[in-house]
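Open the model in a viewer and keep the sequence panel visible. The stops below are meant to be selected one after another.

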Amino acid sequence: EGRDLAGEAMARIDAQIAFDWQDGGPAELGPDNFSARWEGWFTPVYTEPYRILTWSDDGVRLWLNGALVIDNWTDHGRALDEAPIALTAGEPVAFALEWYERGGNAVIELGWASPSQVEELIPAGALTPGPVVPPDAVPVVTLTSPDPRATEGRGDDARLTVARWGPLGEALRVPLRVSGEATPGVDVEPLPAVVEIPAHLRAVSVPVVPLEDMVHRGRRTLRV
């Protein structure tokens with residue numbers, strides 16, 4: 001229940017990730033306010049650049065071979081997100097797909113397309129169920145910025161996603177080091193020295209809030 005994949009969970013194997021419940025939801029969970037994670041592999045047919053596609057309502061995150069490639073963890077109507085990746089025919093790709101449903105329509109679908117592959121939902125014959133990492137694997141942390149720009153006085157804060165690839169069950173403390181032209185406490189609100197990813201979560205979001213300092217004008221960069 002809820003958007004954070006927390007609490008008691010049910011487990012099952014789905015042949016495809018191809019769900020459009022409209023204003024309903026899985027019988028086990030009810031129509032609203034729940035989340036899910038799928039882990040496994042898909043095996044491409046062609047050696048060429050692919051686009052991996054998600055259709056979602058609401059939030060979605062996708063990892064491919066440990067890299068966070070789609071991060072649209074927001075309330076939204078049906079939306080298409082995609083990630084480019086070069087694939088080799090017959091070579092499985094590890095994926096982890098997370099999704100939550102806040103309310104209204106509930107949609108989550110996983111697809112692919114390439115110059116030789118018609119755009120479609122990834123078929124059951126190309127999917128193998130996970131999990132994709134052993135329980136004793138060393139966690140890998142990635143930093144991405146799905147909303148990389150912010151403007152003083154407009155309320156459009158930037159956002160930093162701190163994500164793990166590896167087993168859950170243990171909280172991670174991730175130290176942040178900041179550099180660049182933007183000065184914390186002057187141009188932006190200070191970022192935490194350490195970000196904690198709770199034991200049950202794959203990723204957390206850190207806002208980057210600009211300050212109206214009336215000192216610097218023009219673009220200033222913050223590196224984390």
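Two strands are said to pair if DSSP finds at least two bridges between them. With that in mind, select strand β4, residues 60-64, together with β7; five bridges join these two antiparallel strands. Within the pair, Val 60 stands opposite Trp 99 of β7. The model is a predicted one.

**Whole chain**

Zoom out before going further. The chain has 17 strands and zero helices. Of its 224 residues, 42% are buried. Counting contacts between residues at least 6 apart in sequence, 72% join residues that are at least 24 apart. Colour the surface by element: the accessible surface is about 11,700 Å², and carbon and sulfur atoms account for 51% of that.

**The five-stranded sheet**

Now select β5, β4, β7, β2 and β10, in that order. They make up an open sheet of five strands with antiparallel pairing. Which strands stand at the edges? They are β5 (67-72) and β10 (127-129); each has a single partner strand, so one side of each is left without a neighbour in the sheet. On average, neighbouring strands of this sheet are turned by 25° against each other, direction ignored.

**β4 and β5**

Return to β4 and add β5. The two pair in the antiparallel sense over five bridges, and Arg 61 has Asp 71 in β5 as its bridge partner. The strands form a hairpin with two residues between them. Select Asn 65 in the turn and check its backbone: phi is positive there, at about 50°.

**Ala 94 in β7**

Move to β7, which covers residues 93-101, and select Ala 94. Is Ala 94 buried or exposed? The residue is buried, because its relative accessible area is 9%, and the cut-off for buried is under 20%. Next, draw a distance from its C-alpha atom to that of Gly 66: the separation is 7.5 Å, although the two residues are 28 apart along the chain.

**Ser 35 in β2**

The last stop is strand β2, residues 34-42, where Ser 35 is found. Ser 35 counts as buried, at 14% relative accessibility. Which residues is Ser 35 in contact with, leaving aside its neighbours within four places in sequence? Show Gly 2, Arg 3, Asp 4 and Leu 5, then Trp 99 and Tyr 100. Trp 99 has already appeared on this tour, as the residue opposite Val 60.

Definitions and conventions. Residues numbered from 1 in each chain as written. Predicted model: local features only at pLDDT ≥ 70, side-chain atom pairs only at ≥ 80, totals over all residues. Heavy atoms only, no water. Helix = DSSP H or I, 4+ residues; strand = E, 2+ residues; numbered from the N terminus. Buried < 20%, exposed > 50% of the residue type's maximum accessible area, 1.4 Å probe, protein only. Contact = heavy atoms within 4.5 Å. Areas by Shrake-Rupley, 256 points an atom, 1.4 Å probe, with all protein chains shown as cover. Axes fitted to C-alpha atoms, helices over the stretch in contact; angles between N-to-C directions.
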